[in-house]
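Reader: Could you take me closely through one part of this model, a strand with its pairing, and then through the surroundings of a single helical residue? Please state each cut-off as you use it.

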Amino acid sequence: MSTSPWSIDLRPSTLLYGTNLKCYVALAVIAFTIWWFQGDGAVPVDVPYFKAGKTRWMFQADELVRESYEKKFKDRVYKIKATEGVQVLIPPKMVAEIKGLPEETLSATEAVREALMSKYTNFCAGSHSDLLTLLVRTKLGQNLARLAPVLREELEYITSKELPECDDWTSVKVQPFALRTVARLSGRAFVGPEICRREEWMDVSINYAVHVFVAVVKLQFFPAWMRPAAKYLVKELGQIKKDVSTAREMVEPMILSRIKAIEEKGEKPDDFAQWLLDGLPEHEKGDIQTQTELQLILSAASIHTTNNLLTDCVLDLAAHPDMQDMLRDEVVEILNEEGGWDRKETISRLKKMDSFIKETQRLAGNVTSFIRKVCNPITLSDGTYLPVGTNLLAPLAGVSHDPRFLGMMEEVPQPGKAASTSSERDAAQPSKPIDTSPVDTPSPTDYITSAASYSEYDSESVSGSTISETPSIFDAPSVASSSSDLSSYLSISKHVEFELESERTPIVTTFDKSRSAPLSEYSSPSDESNDNSEKPMPTDAFDGLRYYKLRRRSQYDANRWQFTSLSDSNMNFGGGKHACPGRFFAGCEIKTILAFFLSRYELRLVPGDERPKSMTIMMTRSPNPEGMVQFRKLHV
């Protein structure tokens, strides 16, 4: 197995025992025994239960989520008992109902805090969360065109240093090389050239996230009441503190020199570190600890997720030579135009590549998504009651294979209702919500916490491309809520209402089943002009042009199927106002790297090998760190 310090080793022996098996085996046996027999301690929710052994949940969670969705529950709410405890899984139509609920009723922040055990790992942006998200969405997301040439320059540097010459077919371990590449490019955008090329920064920006992840996995083997004592047995918690200290030693002189340069010369670099410095209040501009921790959180949130997808894209390119030819033609055509990399719309015009990346993500992406914790009681339109403390997830591993959500099923007319035209569908979409409730009146930064706000019919321009969140076919159901703080109405679409009962607290949210649209309306409508050859392949097959074909069907679909688009069934980047604001940067980064490879190299699998399979640990899926691909320079 790889000994590279930047290769994430997901082998059970490493995760459970660390690298010193003798020192940890006894502890692991005790922890495993406690974990195996501990009760779930979960809030009771009256929904069907999908049973499976704990060891299967540890290493086959993706298969179990898909099996539970496809064979048993699909459009029903159900629960599982995974390694993270009891989780309630909700189908897309229920996501449509609840995604716009206020944070004090349904909290993403609290759910993530618990999942990452922030109490022990200190992995949390705290009061700076809004600022961090604001900067990622605005300063980073809206300056991609300016960053693209800089990223390309950094890519050329690291490739010249770390990729072999490849004059003939040369085997390369994809994951370690891709990880260093993504870390270097992200570092250039986040901390600038002063730090990003230092090996110490490469090491800490990568391993900080690994230490947090392994610490969380180990802590999950202990019941909650044991963790205050068990934390002293998890060495990764100590390593996290060392990571912060090491990073601070590099960040501090950089920040102090920048403050001095601003005071003396008015000079400001153009990177995230400077944007963060400018965005902090005056009394915090000299707070090196805060800026260090935020930089590490930003790196942890971006590097590994981007690397996983990039690695899977390279593996899929090697496994599908025909896609290489098509994507290479697209890259060459666009980059050969005047301006090439420097044109702001270059990246957004790579539509076939965009489709290819999205298809790779569909098949190798997240196991679950839409992580939420119920903070005030909710009653769904099907009568399901979700008490306070319920942990929610969406079964993405199942939904991503459902043909109803992949443009493969025609609209089914309802009794007394003719199939609608494209213009009629557009007119029927929910309007942008206006929140007039004191309980959930967003501040300006609240609206920046995702790349799309509550409405799924918004669109925005990012570096010359229009990015939209897919319209939800479900009309938003009515919501009855009670609180002494509520004095007005919140419109989620056309008809969502909060009814005031001044004596009742906490808020109780109830959805009216009669107001939910039929499931068949979630299917993508047919287009009479479609050629059968443009129809996507079956959902289990890899179709790199799947979303490219769907985008060509109609104007309605043109922005609906982009890599960065969101919908109730496409939640690899989350959903609602908490959707990942960094997805535009990730898309730019991956396209830049793939375009660079395709314009210079041919790729193939090692002769006789199949595409390396992904690995699953708990609810995390990642590419095999040992997966090999062969590169060869293009001979023009």
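Author: What follows begins with the basis of the values, then turns to the strand and afterwards to the residue. This is a predicted model, in which local features need pLDDT of at least 70 and side-chain atom pairs count only at pLDDT 80 or more, while totals for chains, interfaces and linings use all residues. Residues are numbered from 1 along each chain as its sequence is written, and side-chain values use heavy atoms, with hydrogens and water left out.

The strand is β19, residues 628-633, where strands (E, at least two residues) and helices (H or I, at least four) are DSSP runs numbered from the N terminus. Strand β5, residues 170-173, runs antiparallel to β19 and is joined to it by four bridges, and Thr 170 has Phe 631 of β19 as its bridge partner. Strand β16, residues 601-605, is also antiparallel to β19, with five bridges between them, and here Tyr 601 is partnered by Lys 633. Strands are said to pair if DSSP finds at least two bridges between them.

The residue is Lys 352, which lies in helix α18, residues 351-364. Its relative accessibility is 23%, so Lys 352 counts as partly exposed, a class between buried (under 20% relative accessible area) and exposed (over 50%), using a 1.4 Å probe and protein chains only. With neighbours within four places in sequence left aside, Lys 352 contacts Leu 327, Glu 330, Gly 544, Leu 545 and Tyr 548, contact being heavy atoms within 4.5 Å. From Lys 352 to Glu 330 the C-alpha to C-alpha distance is 7.4 Å, across a sequence separation of 22 residues.
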